Protein chains: 2
Amino acid sequence: MITEPSARKASAADVARAAGVSMQTVSRVARGLDNVQPATATRVREAMAELGYSPNRAARALRSGRFHTIGVIMFTLSSYGNAKFLEAIAEAASDAGYTITLLPVSHRTQGDVTGAFARLSEQAVDGIVIVIEADLLSESNVELPADLPVVIIDSSRQSERPFIDTDQALGARLATEHLLDLGHETVWHVAGPSGYYAARRREAAWRETLEAHGRVVPEPFRGDWSTESGYAAGREIARRADITAVFAGNDGMALGVLRAAHEAGRAVPASLSVVGFDDMTEAESFWPPLTTIRQSFDSVGRSAIALLLGEIAHAPRPEDVIVPTELVVRGSTAEAPGR
Amino acid sequence: MITEPSARKASAADVARAAGVSMQTVSRVARGLDNVQPATATRVREAMAELGYSPNRAARALRSGRFHTIGVIMFTLSSYGNAKFLEAIAEAASDAGYTITLLPVSHRTQGDVTGAFARLSEQAVDGIVIVIEADLLSESNVELPADLPVVIIDSSRQSERPFIDTDQALGARLATEHLLDLGHETVWHVAGPSGYYAARRREAAWRETLEAHGRVVPEPFRGDWSTESGYAAGREIARRADITAVFAGNDGMALGVLRAAHEAGRAVPASLSVVGFDDMTEAESFWPPLTTIRQSFDSVGRSAIALLLGEIAHAPRPEDVIVPTELVVRGSTAEAPGR
DNA sequence: CTCCGAGATGTTGACGTAAACATCTGCGAG
DNA sequence: CTCGCAGATGTTTACGTCAACATCTCGGAG
């Protein structure tokens with residue numbers, strides 16, 4: 001009977017012994033360097049396959065100081081945008097040979113955010129992508145490790161860090177002007193939570209667009225991105241016959257407005273026009289299908305990784321990236337009533 | 001002028017020197033062992049804070065053979081369920097001091113799945129959670145590393161692996177019986193893709209329930225979980241006056257059916273009742289608000305981690321876990337017309 | 001006063017890899 | 001025919017931590 005091979009995984013040394021070469025040659029073959037004789041390389045590869053060898057990442061990381069891993073910090077995956085961001089980030093990272101490590105922050109308290117950064121410092125990552133409410137970030141007085149590259153999504157333009165974002169202002173302007181073009185007197189807004197730069201920028205651009213057209217700027221409703229908060233605003237909106245056009249800060253809140261309108265018997269779009277923001281997958285199937293602003297979470301996510309990898313490689317600070325947005329007209333908007 | 005400290009991160013040796021103790025004592029303090037004199041421990045902790053020391057995970061992993069990391073393999077985060085699973089998994093893992101590494105499989109080809117597993121073997125993980133179409137998994141002829149614990153979500157009950165799932169059968173039965181109780185002659189079904197055990201089990205239970213009640217079992221529509229596929233089925237359904245009750249395999253397809261019904265002027269629920277599955281966040285805000293089956297992605301995700309951690313610790317194979325489902329009645333179902 | 005044990009602390013080496021440096025081979029120029 | 005160089009391959013060592021073992025100190029029992 002043959003003695004059972006040890007349960008330990010094969011190491012480079014084992015492969016070297018089996019192939020009759022040195023560990024160093026094994027290492028060279030494993031990394032695909034070309035200064036190895038083809039015949040030798042083949043022999044080594046056969047031995048690797050035979051023994052089921054794969055390099056130990058911990059040892060590799062220890063030796064090289066590189067983990068080939070990127071940490072991602074976010075609050076929740078429940079929001080459409082965050083899930084999309086993560087998906088794009090993971091794919092872009094994977095394409096570059098990097099792996100994503102998820103650092104969830106369950107509770108939106110400052111203490112929890114602080115804790116996440118503390119845990120972060122002992123993570124084995126080469127860089128970090130942060131997708132989080134900007135305010136909580138600045139409130140939490142933890143400094144990010146100075147030597148670790150960081151890219152923040154949903155941040156204001158700052159001098160130190162590369163900037164990457166959807167063109168929030170363009171989107172909000174397109175939405176507002178679309179409604180004005182349809183003859184509405186003015187446009188009401190269901191804003192996202194003020195802790196988000198995205199919400200603030202959309203609101204500001206909506207305001208500026210109304211002002212530029214000389215319209216009254218009504219007091220915005222304040223939501224928290226959730227359909228419930230959109231519904232709450234929608235009940236108020238549906239009651240008021242003077243409101244004929246609403247721009248919601250995201251599709252979820254727009255859906256809440258639609259529901260409130262249906263319940264109140266307020267016809268959309270005949271009596272009330274609604275525009276969302278995001279173009280989430282389901283938006284096309286809402287009733288009526290939602291007119292909205294399409295943004296490319298994918299591009300932003302991929303750019304974030306590109307930027308981060310650049311920083312990791314000590315590339316010079318790149319140009320800021322602004323990903324354009326686009327108006328998608330569907331069935332939830334129409335000419336102002338009585339016109 | 002003081003010479004700039006080296007850019008390298010402080011190591012245990014640096015802390016030891018600063019605190020005037022040995023590396024081993026530093027290690028003991030870092031791990032919170034109690035066999036260190038309080039005074040010494042304090043001195044070491046001060047030095048750690050001073051130097052900004054945190055243990056190097058790569059070295060720790062190399063030494064101990066444990067990475068405190070769990071790999072998660074999934075196709076997409078775009079589906080509500082997957083995002084929810086990942087969130088629950090990440091949180092449960094984090095609570096247990098583990099970190100999640102994401103291994104995305106972008107294309108649903110067998111080759112890509114195979115590639116993911118190949119890459120996986122060189123990952124630094126202690127265990128794996130797989131959330132993927134069961135068929136693709138069995139087709140891909142890669143064996144999972146035998147020594148690596150694996151938990152599969154959406155798998156059939158097998159003898160070798162612990163089993164964990166939502167009670168799909170209960171949910172499908174509740175949905176079907178709810179519609180029968182409302183007086184509908186029979187219930188049509190928009191099934192999910194047959195590659196998913198979840199889809200197959202829901203379909204089978206729907207079929208069994210109809211048979212148990214002595215009803216005709218119509219040919220099911222076949223979708224792919226997407227709202228578009230639900231919409232396609234819905235257009236056919238809306239055309240046919242004989243169909244008065246539909247059970248869709250998930251909420252997204254139910255939304256597609258709702259849209260098709262609206263477009264065709266088919267009143268929901270007066271003329272057509274619709275039930276979904278999942279109870280996604282937006283379901284309550286659909287028009288009409290969707291009657292659906294609530295399942296706890298959270299419980300399943302957390303159980304998956306609990307099971308995996310058990311396997312990692314070589315605990316005995318635990319009981320199978322079946323998480324119950326629940327009928328949530330909202331506005332999309334009503335008594336059969338003409339009754 | 002001596003010895004012993006318990007608890008605190010120190011020393012050594014190994015984990016698997018890759019960088020730096022060393023050696024070896026063969027071939028062509030002079 | 002010798003030398004030197006280029007390319008292939010081997011040897012040594014360090015990365016940071018932790019387990020195992022060694023040592024040291026101190027107090028109490030005999």
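Helix α5 of chain B covers residues 80–95, 16 residues in total, so at 1.5 Å a residue it should span 22 Å; its end C-alpha atoms lie 23 Å apart, which agrees. The expected span is 1.5 Å times one less than the number of residues. Helices here are DSSP runs of H or I with at least four residues, strands are runs of E with at least two, and both are numbered from the N terminus.

This is a predicted model, in which local features need pLDDT of at least 70 and side-chain atom pairs count only at pLDDT 80 or more, while totals for chains, interfaces and linings use all residues. Residues are numbered from 1 along each chain as its sequence is written, chains are lettered from A and ligands numbered from 1 in the order in which they are written, and side-chain values use heavy atoms, without hydrogens and water.

The buried residues of α5(B) include B:Phe85, B:Leu86 and B:Ile89. Buried means under 20% relative accessible area, exposed over 50%, and partly exposed in between (1.4 Å probe, protein chains only). B:Glu87 is also among the buried residues of this helix. After α5(B) comes B:Gly97, with a positive phi near 80°.

Now chain A. It has 12 helices and 12 strands. Of its 339 residues, 55% are buried.

Next, the DNA. A residue is near a strand if one of its heavy atoms lies within 4 Å of it. DNA strand C is surrounded by 24 residues; A:Ala12, A:Arg31, A:Arg60, A:Arg63 and B:Thr40 are the closest. DNA strand D is surrounded by 25, and here the closest are A:Thr40, B:Ala12, B:Arg31, B:Arg60 and B:Arg63.

Which part of DNA strand C do its atoms within 4 Å of the protein belong to? Sugar or phosphate accounts for 58% of them, and bases for the rest. For DNA strand D, the sugar or phosphate share is 57%.

The table lists some polar contacts, meaning pairs of N or O atoms within 3.5 Å; within protein, one must be able to donate a hydrogen and the other to accept it, and residues adjacent in sequence count only if both atoms are side-chain atoms.

| Protein atom | DNA atom | Distance |
|---|---|---|
| A:Ser27, polar side-chain atom | strand C, phosphate oxygen | 2.9 Å |
| B:Arg28, polar side-chain atom | strand C, base nitrogen | 3.1 Å |
| B:Gln37, polar backbone atom | strand C, phosphate oxygen | 2.8 Å |

Helices α2 (23–30) and α4 (57–64) of chain A, with α2 (23–30) and α4 (57–64) of chain B, each give two or more residues to the surface near DNA strand C.
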